[in-house]
Amino acid sequence: MRRYPGGLFGVAGVIYGVYAAVGAGVLFAGWYTQRQTIDRLFDSNADGLPSSSELTAVVVSFGLIWGTLMVLALVVNAAVAVACTTVTREAVLGRPARFGQVLRSVKRFPTVLGIQLLGGLIVAIPVALMVLFLVLTMVALLSRGDVGPWLVLMPFLFLGVAALAVWLGIRLALATPAAVFEGQGPVGALRRSVRLVRDNWWRTFGLLLLAGLMAMGLSLALQILTGAFQSPTAPIVVDTDTGWFGSAEVRAFFADILLASVIGLLVGSVVQIVGMTLTHLTAALVYVDLRIRKEGLADALIGEVGQGAPGPQAPPAPGQGG
């Protein structure tokens with residue numbers, strides 16, 4: 001981190017800066033387009049309450065905003081993962097990771113996004129099967145009127161499925177470095193991660209857990225420090241004469257909410273920049289370490305540095321020469 005601050009935090013800052021600006025703009029646009037309906041909902045001087053169609057439009061608008069921000073967050077996380085792994089690759093080779101070079105590498109985010117979506121689906125399969133099993137079991141037991149003994153087994157089932165999900169997640173955790181270092185596609189990178197983590201699951205789990213705990217601690221500390229700035233400063237007060245709210249107070253209240261959302265977005269972006277870079281750097285370093293231990297990557301890296309090769313390549317497949 002100290003040797004490559006520009007390529008690492010600079011690129012991550014640009015990515016999250018764009019995300020924060022877009023998010024703030026989308027939130028403001030949603031409030032601005034629906035401000036009349038929101039005012040009428042709380043204004044006692046309005047001609048009447050908003051109709052059901054107008055309220056539905058407000059809910060749909062902010063639902064679309066939430067969905068848009070979630071999709072953008074996935075893209076941003078994939079782009080930052082590519083940038084962090086690219087910096088690690090250049091650092092391992094002893095080469096500079098310049099800002100422009102790292103920023104250009106971000107164009108490979110669709111591959112990493114595919115890895116994240118496919119890996120998340122694989123991890124979610126046992127959870128979905130457990131939920132389906134529980135629903136069917138509860139329906140069957142309730143029809144019989146006897147659910148007592150089965151309730152004792154539910155916590156053990158949850159623990160077992162959670163352990164399976166964690167096990168799968170760690171087995172797939174090195175797919176992003178495999179994609180960036182070796183040019184693997186989503187499926188190939190996931191398979192590569194499974195092979196590398198084999199016989200090294202606990203070590204990989206411990207290192208990634210430590211990085212995750214550090215990121216969570218930083219996130220909690222920043223949220224506590226900035227929590228006071230994210231609460232509305234002008235709460236709505238009911239008019240004692242009319243028993244309702246004034247439109248000016250409603251506008252001030254929603255302006256405070258918008259400002260709090262922007263602050264939360266900025267704080268979240270800072271947390272994401274540091275937390276995601278830490279976790280992705282850890283995953284990339286674990287990937288390099290496992291390749292050195294299993295495949296003699298150190299000798300290959302020395303040769304590539306001497307030849308000016310672009311980066312580490314995948315070992316030959318079993319049965320092939322090389």
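User: In this structure, helices (DSSP runs of H or I, at least four residues) and strands (runs of E, at least two) are numbered from the N terminus. Which helix holds K294?

Analyst: Happy to help! This is a predicted model, where local features need pLDDT of at least 70, side-chain atom pairs count only at pLDDT 80 or more, and totals for chains, interfaces and linings use all residues. Residues are numbered from 1 along each chain as its sequence is written, and side-chain values use heavy atoms, leaving out hydrogens and water. Look along residues 247-295, and you will find K294 in helix α10.

User: Is K294 buried or exposed, or partly exposed?

Analyst: Buried means under 20% relative accessible area, exposed over 50%, and partly exposed in between (1.4 Å probe, protein chains only). K294 has a relative accessible area of 38%, so K294 is partly exposed.

User: How many aromatic pairs are there?

Analyst: Rings of Phe, Tyr and Trp (its six-membered ring) pair if their centres lie within 6.5 Å; planes under 30 degrees apart count as stacked, over 60 as edge-to-face and the rest as tilted. With this rule, the number of aromatic pairs is five.

User: What type of aromatic pair do W201 and F205 form?

Analyst: Their ring centres are 5.0 Å apart, with 10° between the planes. W201 and F205 are four residues apart in helix α9 (residues 201-226), so about one helical turn separates them. W201 is buried because its relative accessibility is 14%, while F205, at 22%, is partly exposed. The pair of W201 and F205 is stacked.

User: And what type of aromatic pair do W202 and F205 form?

Analyst: W202 and F205 are three residues apart in helix α9, so they too are separated by about one helical turn. W202 counts as exposed because its relative accessibility is 66%. With 5.9 Å between the centres and 90° between the planes, the pair of W202 and F205 is edge-to-face.

User: Which residues form one aromatic cluster?

Analyst: F205 pairs with W201, and F205 also pairs with W202. The cluster is therefore made of W201, W202 and F205.

User: Why is helix α7 largely enclosed by the rest of the structure?

Analyst: Helix α7 spans residues 175-182. Its buried residues are A175, T176, P177, A178, A179, V180, F181 and E182. The helix is largely enclosed because the buried residues number eight of the eight.

User: Which residue just after α7 takes a positive phi?

Analyst: Step just past the end of α7 along the chain. The residue there has a phi of about 70°, and its name is G183.
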